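Here is a short set of questions and answers for a reader who is meeting this structure for the first time. The model is predicted.

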Amino acid sequence: MVRAVSRPPRTRMTPSCGRHVFTQGELSHMKKALSVLVMTTALPAAVLAADYPTKNMDMIIPASPGGAADTLMRALQPGLESALDRTIVVRNMGAGGGALALTRTVTAKPDGYTLTLANNQNFTLEGLGNVGFKYQDFDYLARITEEPYLLVSNKNDRWQDADTLVADLKKSGKPLQVGTSGVGSSTYVVASTLGSQLGIPVQVIPFDGGSPAISALMGSHVDAVVVNPSEVLSQIRGDRLQAVLSTGSERSDLLPEVKTMKEQGYDLAVSQWRGIATPAGVSDEVEKAWVEAVKKAIEAPEFKRFAESTGVEVKPLFGDELDSYVNDMADVMIPASREVAKNNRQ
């Protein structure tokens with residue numbers, strides 16, 4: 001017996017042009033095939049985003065080992081690695097006041113695997129004209145800390161606040177030698193701005209990070225340093241150093257006896273902040289992963305002990321509020337940096 005053989009539907013040709021006219025059956029098969037193709041094409045990207053991170057990440061620190069930025073990141077590192085389930089490779093690049101680190105970061109692929117510990121250097125380097133990037137070339141994912149700048153000297157009875165400092169220096173006729181992190185750092189800009197605010201000559205001496213500057217002060221190689229409270233809190237509490245003034249908008253809870261510039265009649269209120277940034281253009285999935293990781297890391301018992309012992313002021317900020325904060329800080333620090341650059345050229 002001969003069995004009937006199933007054949008595919010016949011196609012029809014239009015007599016006028018010879019083009020293929022699809023039957024209803026063929027159209028149905030094509031729609032199904034296209035649906036499968038679209039799903040297959042979209043799937044890898046969705047899976048990849050959902051699985052972020054799939055490899056180790058580089059965290060580039062724009063400072064030398066041992067400084068405030070470095071110690072903060074290393075204190076956060078275990079909590080971040082636990083939350084992200086990946087290793088974070090910390091790389092210190094303090095050269096050029098952080099210019100090398102931020103340039104290396106901003107030129108990387110915006111895939112979430114190259115990050116930096118952002119701070120006011122993102123603005124000061126731009127304002128000084130030392131780099132080719134702008135602060136908008138980064139995506140800011142989280143603020144972790146915020147603290148004022150301090151002008152710190154060795155313990156003495158002559159400099160109790162801004163007024164006694166100014167009076168003593170005008171009497172001596174000598175410039176105030178101030179140690180800071182490298183040229184381009186925010187402490188460099190703040191130290192230079194202090195001179196114009198206080199009306200005294202200031203000689204800014206940059207070092208390769210905050211730690212070398214503090215060592216120089218304790219060895220009496222400079223008169224003072226501009227640093228953050230967390231860098232010198234133990235020395236101040238141990239009566240080895242003293243804070244002469246603060247640039248905060250209000251007195252610090254850690255050092256309530258230290259007067260601010262504002263309350264002494266000077267027009268300067270600026271704080272240092274530190275957070276996580278990437279090259280601009282990372283996905284929402286990357287941002288979400290880091291926001292959640294930071295929230296978990298700052299609640300880790302080990303990090304809380306670090307913050308308490310060093311006096312780091314943990315003030316997390318994310319999303320639109322962080323974007324507004326970054327823009328406000330840029331509006332202060334970039335013009336101040338441009339003014340410093342202008343004065344240096346004169």
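Q: How do you know that strands β7 and β10 pair?
A: Two strands pair if at least two bridges are found between them. Strand β7 (residues 150-154) and strand β10 (residues 224-227) are joined by four bridges, so by that cut-off they pair. The two strands run antiparallel.

Q: Which residues stand opposite each other in β7 and β10?
A: L151 has V226 as its bridge partner in β10. L150 stands opposite V227 in β10.

Q: What joins β8 to β10, and how do these strands run, parallel or antiparallel?
A: Two bridges join β8 to β10, and the two strands run parallel. The cut-off for pairing is at least two bridges, so this pair also counts. V178 stands opposite A224 in β10.

Q: What makes the pairing of the sheet mixed?
A: Strands of a sheet can pair either parallel or antiparallel. Here β7 and β10 run antiparallel, while β8 and β10 run parallel. The open sheet has five strands in the order β9-β8-β10-β7-β11, and its pairing is mixed.

Q: Why are β9 and β11 called edge strands?
A: Strands β9 (202-206) and β11 (241-246) each pair on one side only. From one strand of the sheet to the next, the twist averages 30°.

Q: Which way do the residues of β10 point, and are they buried or exposed?
A: A224 and V226 point one way from β10, V225 and V227 point the other way, and all are buried. In a regular strand the side chains alternate between the two faces of the sheet.

Q: Which helices lie on the sheet, and at what angles to β11?
A: Helix α5 (residues 162-172) lies across β7, β8 (176-180) and β11, and runs at about 105° to β11. Helix α8 (residues 229-237) packs on the sheet, where it touches β7, β10 and β11. The direction of α8 makes about 135° with that of β11.

Q: Why is the contact of D239 with K155 called a salt bridge?
A: The closest N and O atoms of D239 and K155 are 3.7 Å apart. The cut-off is within 4 Å, so the pair counts as a salt bridge. D239 lies in the loop between α8 and β11 and K155 in the loop between β7 and α5, so the pair ties together parts that are 84 residues apart in sequence.

Q: Why does D239 count as exposed and K155 as partly exposed?
A: Exposed means over 50% relative accessible area. D239 is at 52% relative accessibility, so D239 counts as exposed. K155 is at 49%, so K155 counts as partly exposed.

Q: What makes D70 and R74 a salt bridge, and where do they lie?
A: Their side chains meet at 2.8 Å, N to O, and the cut-off is within 4 Å, so this is a salt bridge. Both residues lie in helix α2 (residues 68-84), four residues apart, about one turn of the helix. D70 has a relative accessible area of 4%, so D70 is buried. R74, at 36% relative accessibility, counts as partly exposed.

Q: Why does the pair K315 and E313 count as a salt bridge?
A: The closest N and O atoms of K315 and E313 are 3.9 Å apart, and the cut-off is within 4 Å, so the pair counts. K315 is partly exposed at 34% relative accessibility. E313 is buried, with a relative accessible area of 16%. A search of the whole structure finds 11 salt bridges.

Q: How do helices α4 and α11 cross?
A: The axes of helix α4 (residues 121-128) and helix α11 (residues 319-345) come within 7 Å and cross at roughly 35°. The crossing is right-handed. The residues in contact include F123 and T124 of α4 and M333 and S337 of α11. By class, the contact has nine nonpolar, three polar and two charged residues.

Q: How do you know whether T124 is buried or exposed?
A: Buried means under 20% relative accessible area. T124, in helix α4, has a relative accessible area of 0%, so T124 is buried. Not counting residues up to four places away in sequence, T124 touches G184, S185, S186, V189, M333 and S337.

Conventions:
Residues are numbered from 1 along each chain as its sequence is written. This is a predicted model: local features need pLDDT of at least 70, side-chain atom pairs count only at pLDDT 80 or more; totals for chains, interfaces and linings use all residues. Side-chain values use heavy atoms; hydrogens and water are left out. Axes are lines fitted to C-alpha atoms, for helices over the stretch in contact, and angles run from 0 to 180 degrees between N-to-C directions. A crossing is left-handed if the near helix is turned anticlockwise from the far one by less than a right angle, and right-handed if clockwise. Contact means heavy atoms within 4.5 Å. Ala, Val, Leu, Ile, Met, Phe, Trp, Tyr, Cys and Pro count as nonpolar, Asp, Glu, Lys and Arg as charged, and the others, Gly among them, as polar. Buried means under 20% relative accessible area, exposed over 50%, partly exposed in between (1.4 Å probe, protein chains only).
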